[in-house]
Amino acid sequence: MSATTQSGPAPRQAGTSEPLLVVEDLKVHFPTSDGVVKAVDGLSYSVERGKTLGIVGESGSGKSVSSSAIMGLFHGSNAQLGGQIRVDGTDVLQLSEKEMRGLRGREVSMIFQDPLSALHPYYTVGAQIVEAYRVHHDVSKKVARKRAIEMLDRVGIPQPDQRVDSYPHQFSGGMRQRAMIAMGLVNDPSLLIADEPTTALDVTVQAQILDLLQDLQREFNSAVIIITHDLGVVAEMTDDTLVMYAGRGVEYGPTKEILTHPEMPYTWGLLSSVPDVVGDTSAKLIPIPGNPPSLLNAPSGCAFHPRCTHRDKVPGDLCTTTLPELVPGNRSMGHLKRCHLADPEAIYQTEILPEIAPDLVDEER
Amino acid sequence: MFAYALRRLFSGALLLVVMSMVTFLLFYASSSTPERYACGQKCTAQQLEQTKAALGYDEPITTQWAKFAKGVVAGREFPDDEALREAAPELVTQCEAPCLGYSTGYGETVRDLISDRLPVSVSLALVAFALWIIIGVLLGVMAALFKGRVLDRGIVALSLIAFAFPTFFVGQIFLTYVSIRWGLVDTPRYSPIAEAGPWAWLTGLMLPAITLALVYMAGYIRITRAFVLETQTEDYIRTARAKGLPQRTVIGKHTLRAVLTPLVTLSGLDLAGLLGGAIITESIFNFNGVGKLSVTAIARFDLPLIVGIVLLVAAIVIAANIIVDMLYAVIDPRVRLG
């Protein structure tokens with residue numbers, strides 16, 4: 001197992017100073033009566049200050065679990081954690097619950113998918129932001145309230161001095177997510193994790209929220225992780241991309257590189273599943289066959305092999321017996337992939353791209 | 001809010017009217033002959049007819065009900081027959097509004113009978129309520145916090161035991177052992193708080209109140225435990241933890257605040273049901289409450305008394321419903337009354 005979890009160097013790691021967030025060989029296992037659920041199994045990545053990492057994958061691929069681990073939300077649960085999560089050099093997995101609490105919400109904060117259920121229905125938006133601020137700052141309620149109004153104003157909520165006393169249900173979906181973002185940023189965190197921040201919102205509102213996040217990131221110079229299954233969000237927002245499957249990273253590198261020259265059949269599948277509004281209508285939508293695997297009893301070898309349509313291009317039964325390592329592919333040292341295919345780029349260009357984006361192929365000719 | 005309360009009160013009153021009609025009808029439909037109980041064992045046919053007339057049972061049901069309704073609003077006099085009242089003015093009983101009728105079995109107005117016994121039932125219900133809410137919710141929260149561990153299993157087992165033993169059994173055991181055999185407490189008896197003072201009132205009530213509270217407490221342990229566990233999986237609890245709030249704030253403030261809403265609804269209705277008398281507990285400990293009164297009323301086919309008690313219980317439950325709904329709007333900002 002030890003060999004399989006090893007991974008290559010993080011892309012664009014700058015010189016000697018370590019990135020703000022370094023996740024190394026993270027494991028989150030949940031023992032259940034049916035066996036151990038390996039929600040995250042040997043995950044490594046890093047994010048620098050001012051940069052954005054996109055984590056993509058289907059539901060149940062371990063995206064959210066890994067970020068909850070960064071927040072230390074598994075303290076006191078029966079989850080078994082392994083590996084390291086270093087925030088600014090501190091391994092948060094070694095921290096006590098009390099030390100972790102000091103970090104949570106201040107150094108690292110999180111924005112959740114559905115702001116309606118993520119905000120407490122019985123407290124006003126202002127009270128919830130005030131609470132978040134006062135946990136980490138020894139200030140009076142009055143000062144904290146001023147800060148809350150200031151933050152609501154900053155995230156673009158009109159009449160913040162009145163809306164501060166509204167309850168979450170009195171806000172629209174977009175407003176609620178803005179309020180959630182205001183709460184997440186009230187303590188100037190150096191790392192912001194946005195767990196599908198736009199999934200529950202209208203498309204038109206999605207763009208506004210993404211714009212806002214981008215603006216705020218520039219302003220606060222924080223590192224951002226965006227968890228999503230929307231490749232459009234990834235293309236728009238992120239510097240690096242990590243594709244996850246069955247609790248492991250399967251492709252990792254600069255976003256532009258991953259989206260234009262993906263080297264892992266699962267990533268191809270994700271790209272093939274995205275409709276293109278302005279693109280060629282002859283482009284096909286090709287869903288990935290089958291369902292995500294059970295994490296209780298993951299497939300042998302490469303976890304993706306039961307759904308992989310390119311298995312026949314790998315000699316022998318390598319795919320079903322041996323877990324490929326996350327190593328640099330043929331293109332660059334910064335582009336890691338977990339796949340046995342010898343020349344995935346060629347397959348992508350000749351087989352996948354003509355199917356999903358015929359116009360792109362034409363352009364290149 | 002005010003308009004809402006008024007509307008609810010109105011529909012509640014309407015419901016009471018309907019209920020009184022239904023109770024009347026049901027007893028008419030049954031083969032009961034209340035005049036026979038009133039007249040006694042050696043009653044001639046003629047005497048029976050006289051009794052029936054004196055009680056007003058000879059009149060059509062609509063007239064009887066109309067008189068009853070008038071009595072509730074304006075009060076009335078008994079016996080019902082004017083000739084009888086004139087013949088023996090010294091035997092006339094005044095029944096002030098709201099008059100619920102005259103119990104032949106007791107020879108008193110229903111109103112007096114109930115108002116004598118209501119304090120007993122209310123005292124018993126309130127003390128039991130306080131016990132089961134405090135202990136039940138506390139143990140329920142603790143069980144949830146220690147889910148799956150020894151403490152949780154112990155509390156759940158305890159609640160199962162309390163739930164499994166019927167009240168008449170527990171009450172009997174308490175009375176026989178705790179009070180009589182071991183002499184740990186004086187024989188439970190009701191002492192009015194105004195006369196005997198709060199301590200005598202409370203200690204006299206304690207044993208029956210514990211008996212009564214036990215089964216409710218068991219239910220509240222399980223319900224609270226389930227509510228807390230469910231709330232802990234809510235996204236907003238995760239948000240609260242993600243803010244860096246200490247566990248005691250996450251539990252004591254965010255979780256309990258959410259659990260409060262269903263608990264208020266539930267406990268309000270449970271309490272309302274008990275205010276109208278705890279039949280078994282009152283009977284075991286020989287407490288002269290509304291519960292015991294209703295047992296006697298049914299045994300004697302005392303129609304006016306039964307109707308009176310049914311309407312009292314109904315009124316309490318309806319009022320509790322209105323109060324709970326209004327409290328709900330206060331507790332939950334999402335609820336709009338209308």
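## A covered helix to start with

Let's begin with helix H2 of chain A, which runs over residues 63-70 and is mostly covered: eight of its eight residues are buried. The buried residues of H2(A) are A:Lys63, A:Ser64, A:Val65, A:Ser66, A:Ser67, A:Ser68, A:Ala69 and A:Ile70. After H2(A) comes A:Gly72, which has a positive phi, near 70°.

Keep in mind that you're looking at a predicted model. For the complex, the predictor reports an ipTM of 0.84 and a pTM of 0.83.

## Chain A as a whole

Stepping back, chain A is built from 15 helices and twelve strands. Its radius of gyration is 21 Å, close to the 21 Å that the globule rule gives for 365 residues, so chain A is as compact as a globular protein of that length. Measure the C-alpha trace along its principal axes and you get a span of about 70 × 45 × 45 Å.

How much of the chain is tucked away? Of the 365 residues in chain A, 48% count as buried. Contacts also reach far along the sequence: if you take those in chain A with a separation of 6 or more, 65% are between residues 24 or more positions apart. Chain A is also divided into domain 1, covering 112-187, and domain 2, covering 257-364. The centres of these two domains, taken over C-alpha atoms, are 42 Å apart.

## The four-stranded sheet

One of the sheets in chain A is open and has four strands, in the order E2-E1-E4-E5, with antiparallel pairing. At its edges stand strand E2 (35-47) and strand E5 (90-91), each with a single partner strand, so one side of each has no neighbour in the sheet. Strand E1, residues 21-32, pairs with E2(A) in the antiparallel sense over ten bridges. To pick out one of these spots, look at A:Pro31, whose bridge partner in E2(A) is A:Val36.

A:Ala39 is a handy residue to follow here, and you'll find it in strand E2 of chain A. Is A:Ala39 buried or exposed? It counts as buried, because it has 23 C-beta neighbours inside 10 Å and the cut-off for buried is 20 or more. A:Ala39 and A:His29 are ten residues apart along the chain, with 5.8 Å between their C-alpha atoms. Leaving out residues up to four places away in sequence, A:Ala39 touches A:Val28, A:Phe30, A:Gly62, A:Val65, A:Gly247 and A:Leu295. One of those, A:Val65, takes us back to H2(A), where it is among the buried residues.

## The eight-stranded sheet

Another open sheet in chain A has eight strands, in the order E6-E7-E8-E3-E9-E10-E12-E11, and its pairing is mixed. The edges belong to strand E6 (108-111) and strand E11 (327-328), each with a single partner strand, so each has one side without a neighbour in the sheet.

Inside that order, strand E7 (residues 191-195) and strand E8 (residues 223-228) of chain A run parallel and are joined by five bridges. A:Asp195 is one residue to look up: its bridge partner in E8(A) is A:Ile227. As background, strands of a sheet pair through backbone hydrogen bonds, either parallel or antiparallel.

## Nonpolar cores

The largest nonpolar core has 93 residues, and the members that touch the most others are A:Ile129, A:Ala148, A:Leu152, A:Ala179, A:Ala182, A:Ala194 and A:Ile225. Helix H8 of chain A (residues 173-185) gives the largest share of this core, with seven residues. There is also a second, separate core of 60 residues, which includes B:Phe227, B:Leu271, B:Ala272 and B:Ala278.

Which residues does A:Ile129 touch? Not counting residues up to four places away in sequence, they are A:Ala148, A:Met151, A:Ala182, A:Met183 and A:Val186.

## Chain B and where the chains meet

Chain B has an average pLDDT of 89, and 99% of its residues score at least 70. Among the elements of chain B, the lowest mean pLDDT, 76, belongs to helix H2 (residues 34-39), and the highest, 95, to helix H6 (residues 110-145).

Where the two chains meet, 23 residues of chain A are in contact with 18 residues of chain B. On the chain A side, helix H3 (97-103), E6, helix H4 (115-118) and helix H5 (125-136) each supply at least two of the touching residues. H5(A) gives the most to that side, with four residues.

Methods: Residues numbered from 1 in each chain as written. Chains lettered and ligands numbered in written order. Predicted model: local features only at pLDDT ≥ 70, side-chain atom pairs only at ≥ 80, totals over all residues. Domains from an automatic or database assignment. Core = buried A, V, L, I, M, F, W, Y, C linked by C-beta atoms within 7 Å. Buried ≥ 20, exposed ≤ 12 C-beta atoms within 10 Å, placed from the backbone. Contact = placed C-beta atoms within 7 Å. Pairing = 2+ DSSP bridges. Rg over C-alpha atoms; globule rule 2.2 N^0.38 Å. pLDDT = per-residue confidence, 0-100.
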